[in-house]
Each structure stands twice: as C-alpha cells, then as structure tokens.
Amino acid sequence: KRYNIVSKQEQQSQLHSRLEEYVKSMPSTNDFNDSLNTFKINKESEETKIFYPIPAGVNFVSKSIASTYPNDRDSIKLALLSRLLTFNYLLKEVREKGGAYGAGLTNNNGALTFYSYRDPNLLETIDIFNQKENWLNIINDYDNIKINEAKLNLFSQLDEPTIPSHRGLDRFTSNISNEEIQSRRDFLFDITKNDLLEVASKYLVNPSTSSIAVIGDETNISSLQTNDPSWNILNQSQ
C-alpha cells in the first residue's frame with residue numbers, strides 16, 4: 001500500500017501517526033473481497049455489463065476499455081484522440097442530439113473510458129459507445145485543423161498551473177518524471193492522423209478487455225435485457 005500526504009514539513013510526523021491509526025481501523029482485505037462476491041457476474045459475454053437501477057428518469061453511463069499507462073507513447077496519442085472525439089463527436093451526438101448533460105472520452109490510469117451523465121437515452125448512447133469499426137471512418141473525416149485544435153486543447157491542460165496539493169502527484173501515481181512530462185509534450189507536436197487511426201484500431205476497434213457500468217432509470221431493465229440478455233442487473237441491497 002502507498003499513501004500520498006501533502007502538508008507542511010512540521011505536520012508530517014503527526015499526520016503519519018494519524019494515517020497509521022486510520023489504516024489499522026480499516027477492514028481487512030478478506031472482508032473487502034467478501035463484499036465484492038455478493039453477486040455473480042455473467043461471463044457469457046466478452047464484455048462485462050452491470051446495471052444498477054435507481055428511481056430516476058436519467059442514466060449515468062460508463063464504458064471502459066483496457067488501454068495503456070502514461071510511460072507508453074500510445075498514452076499521449078489516446079489523450080489526443082480523447083479530446084478530438086469528445087469535442088467533435090461525442091458532445092454533439094450524446095449531449096446536443098441525445099439530451100445528456102455531458103459526455104466524453106478520457107484516458108487515465110490504463111483505461112480508455114466513454115461516459116455520459118444525466119442521460120435520458122441509454123440504449124442510443126450505448127450504441128454510440130459500441131460502434132467499433134465506425135470510429136475509423138469518423139476519425140478519418142477530421143482534417144489537420146480539427147487535430148491541431150485538439151492538440152491546443154490538450155496543451156491547455158498540460159500547461160495549466162499545478163495546485164499545491166497536486167505537486168509531485170504524477171511522479172507518485174505514475175512514476176513520471178518532469179523530464180518525461182516534457183518529452184510527452186514534445187511528442188504531442190508530431191502526432192498525425194495516421195497515429196490516431198492506429199491507436200483507434202488497436203483500442204477501440206479491437207479492444208482486449210472492456211466493461212460497461214450504468215447507474216440508471218429502473219424502467220430501462222426490460223429493454224436492456226431484451227436487447228442483450230448478458231446484462232447483470234444489481235438490486236439495491238448489493
């Protein structure tokens with residue numbers, strides 16, 4: 001186990017003691033694993049699908065695909081691809097046309113994740129996230145202007161001021177040095193459309209592992225299972 005504490009130097013000793021007390025009070029790993037085994041996952045499908053029903057007229061949808069970690073060059077390509085598809089496709093299709101409050105694609109900690117929130121059109125959004133081969137056609141339609149706009153958008157995040165509590169966080173969570181961060185920035189300049197098509201084919205068209213989780217409108221259960229019986233429906237006691 002590793003913990004990250006951000007504080008003044010003179011507070012470190014006191015915080016370390018309190019953290020030790022907190023860790024000792026936590027349930028054991030076995031207790032945690034037991035709580036995860038309260039329901040069985042249907043493994044007949046290549047993709048794990050979990051739906052947690054709530055009494056609401058909207059849905060919170062997430063589809064995650066195994067990707068790669070920050071020290072891999074594909075990671076920065078996927079970060080750019082995420083910006084490109086979020087602002088040029090997903091927001092238009094899922095938010096503007098579909099009525100969701102928000103939608104997008106991110107690549108963090110080894111997972112490429114589609115998401116939407118307060119989304120009234122569950123099945124349509126899932127179809128958009130699952131379209132696979134069509135992603136290549138969508139990306140191929142974008143010219144260098146759109147790709148450069150996505151690069152500028154990504155640079156605005158990379159270059160934003162770091163708040164004190166996040167200083168050194170990249171090194172702690174991903175073991176990325178300042179020199180490697182600069183190298184990633186330099187590499188971003190050289191990414192081409194072909195690079196984006198390459199990672200889209202690798203991770204979106206032919207994913208190694210993926211899963212979908214939905215917290216959403218309980219009236220969707222029947223249509224979900226009719227459309228795909230491999231969905232795992234949780235009840236509120238699980």
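This report describes the overall make-up of a predicted model and then its aromatic pairs, its charged side chains and two buried residues.

## Overall make-up

The protein in this predicted model has ten helices and six strands, and buried residues make up 37% of its 238 residues. Among the contacts with a separation of 6 or more, 78% are accounted for by residues 24 or more positions apart.

## Aromatic pairs around Trp135

A search of the whole structure finds four aromatic pairs. One of them is formed by Tyr89 and Trp135, whose rings meet edge-to-face, with 5.5 Å from centre to centre and 80° between the planes. Because Tyr89 lies in helix H3 (residues 73-97) and Trp135 in helix H5 (residues 134-140), this pair ties together parts that are 46 residues apart in sequence. Tyr89 and Trp135 are each buried.

Trp135 also pairs with Phe114, and here the arrangement is stacked, with the ring centres 5.4 Å apart and an angle of 20° between the planes. Phe114 lies in strand E4 whereas Trp135 lies in helix H5, so the pair ties together parts that are 21 residues apart in sequence. Phe114, like Trp135, is buried. Taken with Phe129, these residues belong to a cluster, in which ring pairs link Tyr89, Phe114, Phe129 and Trp135.

## Charges placed over rings

Two arginine side chains lie over aromatic rings. The charged end of Arg73 sits over the ring of Phe187, at 4.5 Å from the centre of that ring, while Arg118 lies over the face of Tyr101, with 5.0 Å to the ring centre.

## Salt bridges

The structure holds six salt bridges. In one of these the side chains of Glu47 and Lys63 meet, with an N to O distance of 3.3 Å. Glu47 lies in the loop between helix H2 (29-36) and strand E1 (48-54), and Lys63 lies in strand E2 (residues 59-66), so the pair ties together parts that are 16 residues apart in sequence. Glu47 counts as buried because its relative accessibility is 10%, below the cut-off of 20%. Lys63 is buried too, with a relative accessible area of 3%.

A further salt bridge joins the side chains of Asp74 and Lys77, at 3.9 Å from N to O. Both residues lie in helix H3, where they are three residues apart, about one turn of the helix, and both Asp74 and Lys77 are buried. Asp74 also forms a salt bridge with Lys202, the closest N and O atoms of the two being 3.1 Å apart. This second pair links distant parts of the chain, since Lys202 is in helix H9 (residues 193-205) and Asp74 in helix H3, 128 residues apart. The partners differ in their exposure: Lys202 is partly exposed, with a relative accessible area of 47%, whereas Asp74 is buried, with a relative accessible area of 9%. Salt bridges with shared partners join Asp74, Lys77, Glu198 and Lys202 into one network.

## Asp119, a buried acid without a salt bridge

Asp119 is found in strand E4, which covers residues 111-119. Although Asp119 is buried, it has no salt bridge, and the nearest side chain of opposite charge, that of Arg118, is 10 Å away. A salt bridge requires the nitrogen to be within 4 Å of a carboxyl oxygen, so the distance of 10 Å to Arg118 does not qualify.

The side chain of Asp119 does, however, have a polar atom that lies 2.9 Å from the backbone nitrogen of Asn121. When residues up to four places away in sequence are not counted, Asp119 touches Val58, Asn59, Val94, Ala100 and Thr125.

## Ile139 in helix H5

Ile139 is placed in helix H5, and with a relative accessibility of 1% it counts as buried. Leaving aside neighbours within four places in sequence, Ile139 is in contact with Leu81, Leu85, Lys193, Leu196, Leu197 and Ala200. One of these contacts, Lys193, is 54 residues from Ile139 in sequence, yet the two C-alpha atoms are 7.8 Å apart in space.

Conventions: Residues numbered from 1 in each chain as written. Predicted model: local features only at pLDDT ≥ 70, side-chain atom pairs only at ≥ 80, totals over all residues. Heavy atoms only, no water. Helix = DSSP H or I, 4+ residues; strand = E, 2+ residues; numbered from the N terminus. Buried < 20%, exposed > 50% of the residue type's maximum accessible area, 1.4 Å probe, protein only. Lys, Arg positive; Asp, Glu negative; His and termini not counted. Polar contact = N/O pair within 3.5 Å; in protein donor to acceptor, adjacent residues only side chain to side chain. Contact = heavy atoms within 4.5 Å. Phe/Tyr/Trp six-rings, centres within 6.5 Å; stacked < 30°, edge-to-face > 60°. Lys NZ or Arg CZ within 6 Å of the ring centre and 35° of its normal.
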